[in-house]
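Please open the structure in your viewer and keep the selection panel at hand. The stops below proceed element by element, each beginning with a selection to make.

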Amino acid sequence: MPGREEHGSTVGRLAATVERLRTEVRAAHAAADGRALVELAKGILIERLTCGPAEAARQLAALADQAGMSQLELAADIINQASQDRLSQAAGEFLARTGRPAEAPADAPPSAAIRLRTAESAALAAADTQAVAASLLAYALGPLGATAVAIWAAGHDASLTLTGHAGFTAEEAGRWCYVPPGVATVARHALSERAAVWFPALSEADPPSIGTRDAACGRVAVPAGTGGRIVGVLEICWPHPVAPQPPQIQRQIEALAELCAHTLETRPVTGTRTDSALHRDLDELVDLADGLHDPALVLLPHLDADGNLTDFRIRHTNRRFVDPAGRPRTAVSGALLLEAYPMAAGDSNLFEAVERVYATGEPFRAERMTLTALVDQVPLAAVADISISRCGGSVLLLWRIEDEAARLASLLQHAQRLGRIGGFEENVLTGEVTWNRQLFTLHGLPPTARPVPLEDLPAHAHPDDAVALGRFLRTLMHHRRPASTAFRLHRPDGIIRHVRLVAEPVLDAHSRLLALRGAYQDISAQHWTEVALAATRDQLAHTEQESAERNRLALQLQHAIMPPARAPFNAPGLNIAVRYRPAETDHLVGGDWYDAVTLPSQQILLCVGDIAGHGIEAATSMIVLRNALRGLAVTGAGPAQLLTWLNIVAHHLTERITATVVCGLYDPVARTLRWARAGHLPPVLVSGDRAVTLPLLKGMLLGALADAVYEEGEVRLASGDTLLMFTDGLVERKGSLLQDSLDHLMATAKVPTVTLEQRLDRLLTHSRADTDDDTCLVGVQAV
């Protein structure tokens, strides 16, 4: 079968050729991706071995063969060992955790070290921060699941400028191209905290940022800075909530932020400063400090060998500089801040404030901060107002040390102004009189006027105050003792002011009078306030007396008609008991009333009512309706007709009285009670162990309308039945339903008692009413 062997041999050759070409293509791609890393490793070998490029290439190939790895992986290791930076550390740890072993297939994905170095080389070769963002997303952050990257540059005023982005639309980036100072965003949060901030899933409570319209997206913002100064923020976005990342990933992201800081420093964007511009800024800042009227320090960052911020060098002290310890400018200028002021790192947190301003660019202001310096190992403190701001790469520190004497003088001046006090001093030997500004204002004189001596003061006072002023002057000048007085001062503008004058003599060692000094105080407002208060007290006392008299008369009138306690009332076929409880406060004398009387027809009139309002008007209105109802009942009309007539009386024949009432006529022969109601609560019938309210008959309260119709009901009372008629003061309770109070009343009423009086007393005792209203209760028991 020679044809078949030839065919098989041909197919095998084609397959081998395809596989070879695929291998070459993969190698070409790998070489293209790592060419920058290989060239960087060659440069390191050239520097270490002091050889040429060709020799460095041969050494790299030989070392790769000896180590059994590709030149690309060896190049990454050489760069890692040479740089020993945080990016190398993160790459090494991540490579140890997930990296590709030497025997991995050629088509395996690049290791973490290769990805990071590829991103680094691409970023270093990028023309702008936009390309840096694309490189970071493509080579380092995309494999972590991130879908978008934003690089923010921090301005000297703590503003944020979007200098590079990837994964966001141009429209979205245009909306977030600039964030002014003070606006809270995710990147601002990282800038203020000076640390990486993680948002596993953004919510409405979290600060906004670019691309945050999609809810629950994960976000991390990492400050990018070197040497203690933050030059920008790296912000990374995931399209979904992101779980807490392991420390290796966090260090990898922080290393990428340092790479962004290097990019922002070497390729400044609009609004940032180049090295030459920073030098110009420093010179301008020194000139500015020399022109200030407050002590000022110009500080420059001081870094250690690893590039970490450890202190600030005092670059310049201006001409106004005053050291709290009294040292000259030359002793402080050029020294480190913590060397010159070691207590700045103590309780005042001054160093922390300077460090924060330098890092973020946000100015710092504080009043009455303590500055401490050491003099011969003894701390010397001074209180000062502090102002710290950053200008380029420098920090301007201003302080204004308080002058205690000036501060106390200012406080005294304000106290004199607020208290309307003016001070004076009078030299008895020379006759010179010195006034302060407040005293000229008090006397109504211009500051250029001649002060008034104490001896001439009676000529400027009210004539009735001459005696008091004479006594004051004798005590002060002749008896040489401190004295005080009050008088009415006549000012040149015709205004009279009430003034209190206090003075003391100044004596020498031989008790001779040298000077007089003291103070005037304008007490006009206090005087007129006291006069007004006295008049108000008199008027209030008179009003209280009138009110008490009115309440006393109303209470006497009410008790004369309806005493609080009344003996049982005996009527044919009935036992009647009454309880009346006045309001708890005397000023709430009310209009509750009751009546129980035997009519000429031998029927018994029973009624309970409540007049709207309190006071003597309510008491007199109660008497009007009570007597009117008695007179109308003599006609023999039924309860509904009686209420109709009583409504006419209330509406037309009085000053518009309004009242509620329940009225009943009991027939002892038929043992029936006919009753009607006018807006009042219906009676409660207690029969055996049951208690129910009578039907709610129709009937409007008295006096509301000119014409009103009232419905009449009838109930038969068996022997032992008890009917309870009451006003709302027995059941009304704030914040409670009326029906609940009625249910409690009926539950209390059906408890058996020996006598009717005991039942009424029990109802009053267990009443839950809390409205401080009068309470009227009438009990009727059939025998």
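In which sense do strand S12 and S13 pair, and over how many bridges? The model is a predicted one. Select residues 421–427, which make up S12, and display S13 alongside: the two strands pair in the antiparallel sense, over three bridges. Within this pair, glutamate 425 stands opposite threonine 434 of S13. Next, select glycine 431. This residue belongs to the hairpin of S12 and S13, where five residues lie between the strands, and has a positive phi near 80 degrees.

**The five-stranded sheet**

Extend the selection to the sheet that contains this hairpin. Five strands form an open sheet with antiparallel pairing, and their order is S13-S12-S16-S15-S14. At the edges are strand S13 (433–435) and S14, each of which pairs on one side only. From one strand to the next, the twist averages 25 degrees.

Now move across the sheet from S12. Its antiparallel partner S16 is joined to S12 by seven bridges. Label glycine 423 and alanine 519 here, since the former stands opposite the latter in S16.

Select S15 together with strand S16 (residues 513–522). These strands pair in the antiparallel sense over nine bridges, and arginine 500 stands opposite glutamine 521 in S16. S15 and S16 also form a hairpin with five residues between them, and serine 511 in its turn has a positive phi of about 65 degrees.

Continue to strand S14 (residues 483–490) and strand S15 (residues 496–507). The two run antiparallel and are joined by eight bridges. Alanine 483 has alanine 503 in S15 as its bridge partner. Their hairpin has five residues between the strands, and glycine 494 in the turn shows a positive phi of about 90 degrees.

To complete this region, add residues 466–478. They form helix H16, which packs on the sheet and touches S14, S15 and S16. The direction of H16 makes about 140 degrees with that of S14.

**The six-stranded sheet**

Clear the selection and display the strands S17, S18, S27, S26, S23 and S24. In what order do these six strands form their open sheet? The order is S17-S18-S27-S26-S23-S24, with antiparallel pairing. Strand S17 (569–571) and strand S24 (690–693) are the edge strands, each pairing on one side only. The twist here averages 20 degrees from one strand to the next.

Focus on strand S23 (residues 684–687), which pairs with S24 in the antiparallel sense over four bridges. Labelling valine 684 and threonine 693 picks out one pair of bridge partners, with threonine 693 lying in S24.

Then add residues 756–765, which form helix H21. This helix lies across strand S18 (574–581), S23, strand S26 (722–726) and strand S27 (775–782). Relative to S18, H21 runs at about 25 degrees.

**The largest cavity**

A search of the whole structure finds two cavities of 30 Å³ or more. The largest cavity has a volume of about 80 Å³. To display its lining, select Leu730, Val731, Ser741, His744, Leu745, Thr748, Leu763, His766, Ser767, Arg768 and Ala769. Which helix gives the largest share of this lining? Helix H20 (residues 738–749) does, with four residues. Colouring the lining of the largest cavity by class gives five nonpolar, five polar and one charged residues.

**A salt bridge within a helix**

For the last stop, select glutamate 171 and arginine 175. How far apart are the closest N and O atoms of their salt bridge? The distance is 3.3 Å. Both residues lie in helix H7 (residues 170–175), and because they are four residues apart there, about one helical turn separates them. Side chains of opposite charge can pair when their charged atoms come close. Under a cut-off of 4 Å between a side-chain nitrogen of Lys or Arg and a carboxyl oxygen of Asp or Glu, the count comes to twelve salt bridges.

Key: Residues are numbered from 1 along each chain as its sequence is written. This is a predicted model: local features need pLDDT of at least 70, side-chain atom pairs count only at pLDDT 80 or more; totals for chains, interfaces and linings use all residues. Side-chain values use heavy atoms; hydrogens and water are left out. On a 1 Å grid over the protein atoms alone, a cavity is a set of points where a 1.4 Å probe fits but cannot get out, and a pocket is an open set with protein on both sides within 12 Å along at least five of seven lines; lining residues have an atom within 4 Å of a point. Grid points are joined across faces, edges and corners, and a volume is the space filled by probe spheres set on the points. Ala, Val, Leu, Ile, Met, Phe, Trp, Tyr, Cys and Pro count as nonpolar, Asp, Glu, Lys and Arg as charged, and the others, Gly among them, as polar. Two strands pair if DSSP finds at least two bridges between them. Axes are lines fitted to C-alpha atoms, for helices over the stretch in contact, and angles run from 0 to 180 degrees between N-to-C directions. Contact means heavy atoms within 4.5 Å.
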